[in-house]
Amino acid sequence: MAIRKIVIVGGGTAGWMAGAALSRLIKGNDLSITLVESEMIGTVGVGEATIPPFVGFNDMLGIKERELLSEISGTFKLGIQFENWGKKGDSYIHPFGAYGYSMGGISFHQVWHKFKESGDNRPLQVFNLETMAAYFGKFARTADYKKREDLPPINYAYHLDAGKYAQYLRKYAEMNGVVRQEGKVDDVALDGESGFVKSIRLESGQVLEGDFFVDCTGFRGLLIEQALKTGYEDWSHWLPCNRAVALPCAREDGSPPPPFTRAIAHSAGWQWQVPLQHRNGNGHVYCSEHMSDDEAHHILVNNIAGKPQADPNFLRFLTGHRKKFWNKNVVALGLSAGFMEPLESTSIHLINTGIDKLISLLSLDGVQQVHEDTFNRLTLREYIRIRDFLILHYNATTRDDSDFWNYVRTMSVPDTLTEKIEIFKANGQIFREEDELFTESSWTAVMMGQGIAMNGRNPMADTFNLMETKKELDEMEQSIRYLVQHMPGHGDYLAKYCPARAA
Ligand code: FAD
C-alpha cells in the first residue's frame, strides 16, 4: 500500500528530530506528516550530551550552528572525562579525536608504545588535541584556523538544553509542513488482515489514520510494544543500572562551562555533569539492587556545583532493546526502541542513525519485508557494538569497594567484548567492526584509561627509524601545544560566537 500519510506519535527529542528530518519529504511528494504529542504526559526532559555525528545531523537539516547553539543554550563538547572508573581517584578523557595519526600503516599508539618503552615518558594524551584543549578549558573550531593545514582538525559535539532543542526542531518541522496535533492517544487500531497499525484514537475521540507510523512515545512504546507486542531483549545482566535521578543546578562559582561532559563513578553507578551556558545538567544513574532512591539523591545533591533549579526527576529504565525496531508499518525511534544508559551519550545518536536508515530505506510505494529486515539487522548491530563499549567501562576496573563493583568487575561479558580486550592486551590492536560507531582511538582511550595494559605491540613499530620518528612525534606534540595556546577559553568563545538567547 502506498504511503501518503505518516503519523509520528510523540514529541520529545525523538519525535521532533524525526519530524524535522522527514519534513523534507513533503515538498515534491504527495505526503502528509502529522505529529501527535501530549503536553499532559510531557517528555523525559533529559538527554543533553551528544557526540560528533549530531553536528552533522543539524548540518544536514541546513540549521546554522551559531543560531542553534544560541537558542538551545548550547556549549561545545570535546569528549567525556571519566572519574573514579578504573579505580577511585583515577581520571581520564575519552576524546572525540584521534591520538596522533597512523604512521606507516599502523596506529599511532603502537608507535607511542615503542617510544614509551625506549624511555620517552610523554603520555599518550599529549598527542590528542581534544584532550589537551579540554584540560585547559580551551575551544576553537577547525574553520577558525583553516589557513594552517598542518594543524589537526578539532572534533566536537554539543551539550544542549533538551526541551529547547525539541522546540527549535518543532518550528523547523512546522515550517516545512508537519502538522502538530495535541492530544493523548488512548487506542490503537490494527488491520485485521495484515496486522498493520491502521489508526490511532485520541482521548477527544478524534481518529487519525496513517499508512506509516513512527513510534516516539518514549519508554512506553505505545505502538511498537503496547499495540504490536514486539517484545524486549533485556541486557540488564550486563548493564545493571536501572534508575536515574536528574537535577539541574546553577553554576554558582561563576566559572566558564568546561568543554567536556563529566562522568563520575560512585558506589553503585555514576553521575553526569553536562555544562550548558546558563546551568549544569546533573544526574545520577544507579542500580536499584544496590542503592535506594534516597541515597542516590543524597549523593547527587552533595556533588553538584550549585543550587538545584528544579525538583529531582526520578526515572526508571531497563537496558535493552525491542526485538524489532521496525515492525510491520511502525518504526520505533528513541526510548521506545530501546535504552542504554547515557554513559557515552549514544541515545540521541541512535535516533539520528535510525532516521538516516529510515530515510534511506523508506519507499513511498509501500512497506516491504526487506525494508523491515534490513533496518532491524543494521540497528541491532549498532546496539551490540555500543553495548560492548559501555560494558567495558564497568568491567575494566579494579574497584572492589562495593557489591555493585564486585558484580560488574567479575560478571561474564559478551564474547565480542572479550575478544576485543584480549587482542588489545596481546599487541594493542583494535579492530573496528564494519562501520561501528566507536573508533580505534575511543577503544584505546577507555581500555588504557581504565588500566588495561598492552603487553606487546605490532612488530611493525619496531621497524621504524627512531630518530626520524621522534621528529614526527615532536612536531605533532608541538602543533597541538601551539594550537591549544592560541585557542580562546571555552567561555569566551561561547560569549562571542553563540551567546545564549535570553529565555
Ligand atoms: P520522551 O522524551 O519520553 O518523549 C515521548 C513523547 O511521547 C512525549 O512527547 C509524550 O508526550 C509522547 N507520548 C507518550 N505517550 C503518549 C500518548 N499516549 N499520547 C500522545 N503522546 C504521547 N541521550 C543522549 O544522547 N545523551 C544524554 O546525555 C542522555 N542522557 C539521558 C539520561 C537519562 C537518565 C535518560 C533516561 C535518558 C538520557 N538520554 C540521553 C536519552 C534521551 O533522553 C532520549 O533518547 C531522548 O530524550 C528521546 O526521548 P524520546 O523522545 O524517545 O521520549
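Helices, labelled H or I and at least four residues long, and strands, labelled E and at least two residues long, are DSSP runs numbered from the N terminus. All views show a predicted model.

**View 1. The one cavity of 30 Å³ or more in the structure.** A search of the whole structure finds this single cavity, and its volume is about 140 Å³. It is lined by 19 residues, of which Gly334, Ala337, Leu350, Ile351 and Tyr383 are the closest to its centre. Rolling a probe the size of a water molecule over the atoms shows where empty space is left.

**View 2. Elements and residue classes in the lining of the largest cavity.** Strand E21 (338-339), helix H9 (347-361) and helix H10 (369-395) each give two or more residues to the lining. Helix H9 supplies the largest share, six residues. By class, the lining holds 11 nonpolar, six polar and two charged residues.

**View 3. Surroundings of the ligand.** The ligand is surrounded by 35 residues. Gly11, Ala49, Val185, Leu335 and Ile348 are the closest of these.

**View 4. Backbone atoms of Gly11, Ala49 and Ile348 beside the ligand.** At Gly11, a backbone N or O atom is 2.8 Å from an oxygen atom of the ligand. Ile348 likewise places a backbone N or O atom 2.8 Å from a ligand oxygen atom. At Ala49 the ligand atom is a nitrogen, and a polar backbone atom of the residue lies 2.7 Å from it.

**View 5. His109 in helix H4.** Helix H4 spans residues 108-117 and includes His109. His109 counts as buried because its relative accessibility is 4%, below the 20% cut-off. Leaving out residues up to four places away in sequence, His109 touches Leu124, Phe424, Gly428, Glu440, Thr444 and Met454.

**View 6. Gly195 in the loop between strands E8 and E9.** Strand E8 covers residues 185-190 and strand E9 covers 197-202, with Gly195 in the loop between them. The relative accessible area of Gly195 is 16%, so this loop residue is classed as buried, the limit being 20%. Apart from neighbours within four places in sequence, Gly195 is in contact with Leu190, Leu228 and Lys328.

**View 7. Gly195 and Asp30.** These two residues are separated by 165 residues in sequence. Their C-alpha atoms are 25 Å apart in space.

Key:
Residues numbered from 1 in each chain as written. Predicted model: local features only at pLDDT ≥ 70, side-chain atom pairs only at ≥ 80, totals over all residues. Heavy atoms only, no water. Buried < 20%, exposed > 50% of the residue type's maximum accessible area, 1.4 Å probe, protein only. Contact = heavy atoms within 4.5 Å. 1 Å grid on protein atoms, 1.4 Å probe; cavity = no way out; pocket = protein on both sides within 12 Å on 5 of 7 lines; lining within 4 Å. Points joined across faces, edges and corners; volume = space filled by probe spheres on them. Nonpolar A, V, L, I, M, F, W, Y, C, P; charged D, E, K, R; others polar. Near = heavy atom within 4 Å. Polar contact = N/O pair within 3.5 Å; in protein donor to acceptor, adjacent residues only side chain to side chain.
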